[in-house]
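Here are my comments on the model you sent. They are set out point by point.

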Amino acid sequence: MQNTPDSHAILRVRGLSKQYANGHHALHPLDLDIKRGEIFALLGPNGAGKTTLISIICGLVNRSSGTVTVDGADNVDQYKLARRKIGLVPQELSADSFETVWNTVRFSRGLFGKSPNPPLIEQILKDLSLWDKKDNPLITLSGGMKRRVLIAKALSHEPEILFLDEPTAGVDVALRQGMWSLVKKLRSQGVTIILTTHYIEEAEDMADRIGFINKGKLQLVETKQDLMRRLGGKTLSLSLAQPVDALPGQLVALGLQLSPDGLQLLYPFNDREQEHDFSALLAAIGQAGLGITDIQTRERSLEDIFVEFVGAQA
């Protein structure tokens, strides 16, 4: 997929691909620009190529072709310069050492050549509700706490770009809400956020732009507003008094659909387009001899669009 070059991009990916020795294409050649200061959600089913793409950008996996520049620095030829600008919160938990939370985060900052900054480390731990655990060995922490430590480590060297690969997997609702509050705070400070998540409602709430990736191919990149405008809309749902096996032809012609269980009539519409004569629709249903017990409308969500998109690509 080609993307229009963006003069405000902090991350540029061009012709990036990954093919393994056995011939498997984990990533097909793709282009992508990430804008400075945006929240970009990369969505796709398991095995779609999300983690491979992030790992190549962060220099953890070798690419087969293409280039990646991070704020102008090539992530191979200028690896250290590029990597210092990136914070990565990996999907897999690997915080099982006997070192304390404080020392782990402090040491991570030092790995990037940053001078000690205890007030900053303290603030990060407090933002992540880890301050009372600062002297605890990592191995004693719960899975949710370990994930917070991974985020603290990623933030310790004050990156300009933060990758969050399934950051809320396996954590409770309260922690998820706290983490997203922190993400919004970081974005307000100018940090660029790239996230993957299985909680599609999080992407819908947080992201400025959405990318769909499937089978190693970047299929779609749009602003959330454009995506919802183009593929969103509403569905009128009418519950039937009795199930039916098929709809009369005159109702099909009006755009009505029958639910799989035969108990609902569904009428997808976009209220931003032409006017809809719902009274005529109801009259036609009555003339067809179908009784209605309830009427509801539901806005299509990003999750609906995503599930439909993945299904179409299967």
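The points below cover the strands, a helix, the nonpolar cores and a few single residues.

1. Status of the model. The structure is a predicted model. Every remark here should be read with that in mind.

2. The enclosed strand β7. Strand β7 spans residues 161-165, and 5 of its 5 residues are buried, so the strand is largely enclosed by the rest of the structure. The cover extends to both faces of β7. On one side the buried residues are I161, F163 and D165, and on the other they are L162 and L164. Note that an aspartate, D165, is in this buried set.

3. Partners of β7. Strand β6 (residues 86-89) runs parallel to β7 and is joined to it by 4 bridges. Strand β8 (residues 192-196) is also paired with β7 in the parallel sense, over 5 bridges. Which residues stand opposite I161 in these pairings? In β6 the residue opposite I161 is I86, and in β8 the bridge partner is T192.

4. The antiparallel sheet. Four strands form an open sheet in the order β2-β1-β4-β5, with antiparallel pairing. The edge positions are taken by β2 (25-35) and β5 (73-74); each has a single partner strand, so one side of each is left without a neighbour in the sheet. At the β5 edge, β4 (residues 65-70) and β5 are joined by 2 bridges and run antiparallel. T69 stands opposite D74 of β5 there.

5. An acidic residue in β2. D33 is located in strand β2. Is D33 buried or exposed? The relative accessible area of D33 is 3%, under the 20% cut-off, so D33 counts as buried. The side chain of D33 makes a polar contact of 2.9 Å with the side chain of R14.

6. Helix α1. This helix (residues 50-57) lies across β1 (9-19), β2 and β4, and runs at about 115° to β1. Of its 8 residues, 7 are buried, so α1 is largely enclosed by the rest of the structure. The buried residues are K50, T52, L53, I54, S55, I56 and I57. Just after the helix, G59 has a positive phi of about 80°.

7. The nonpolar cores. The largest nonpolar core contains 47 residues, and the residues with the most contacts inside it are L43, L162, I193, I210, F212 and L302. Helix α5 (residues 143-155) supplies the largest share of this core, 7 residues. Another core lies apart from it, with 28 residues that include I10, V13, A48 and V221. As background, nonpolar side chains tend to be buried together in soluble globular proteins.

8. Contacts of L43. L43 is among the residues with the most contacts inside the largest core. Leaving aside neighbours within four places in sequence, L43 touches K50, T197, I200, A203, I210, G211, F212, I213, L302 and F306. Of these, K50 is also one of the buried residues of α1.

9. An exposed loop residue. S94 is found in the loop between β6 and α3 (101-111). With a relative accessible area of 57%, over the 50% cut-off, S94 counts as exposed. S94 and R147 are 53 residues apart along the chain, and their C-alpha atoms are separated by 9.0 Å.

Definitions and conventions
Residues are numbered from 1 along each chain as its sequence is written. This is a predicted model: local features need pLDDT of at least 70, side-chain atom pairs count only at pLDDT 80 or more; totals for chains, interfaces and linings use all residues. Side-chain values use heavy atoms; hydrogens and water are left out. Buried means under 20% relative accessible area, exposed over 50%, partly exposed in between (1.4 Å probe, protein chains only). Two strands pair if DSSP finds at least two bridges between them. Contact means heavy atoms within 4.5 Å. Axes are lines fitted to C-alpha atoms, for helices over the stretch in contact, and angles run from 0 to 180 degrees between N-to-C directions. A polar contact is a pair of N or O atoms within 3.5 Å; within protein, one must be able to donate a hydrogen and the other to accept it, and residues adjacent in sequence count only if both atoms are side-chain atoms. A nonpolar core is a set of buried Ala, Val, Leu, Ile, Met, Phe, Trp, Tyr and Cys residues joined through side-chain atoms within 4.5 Å.
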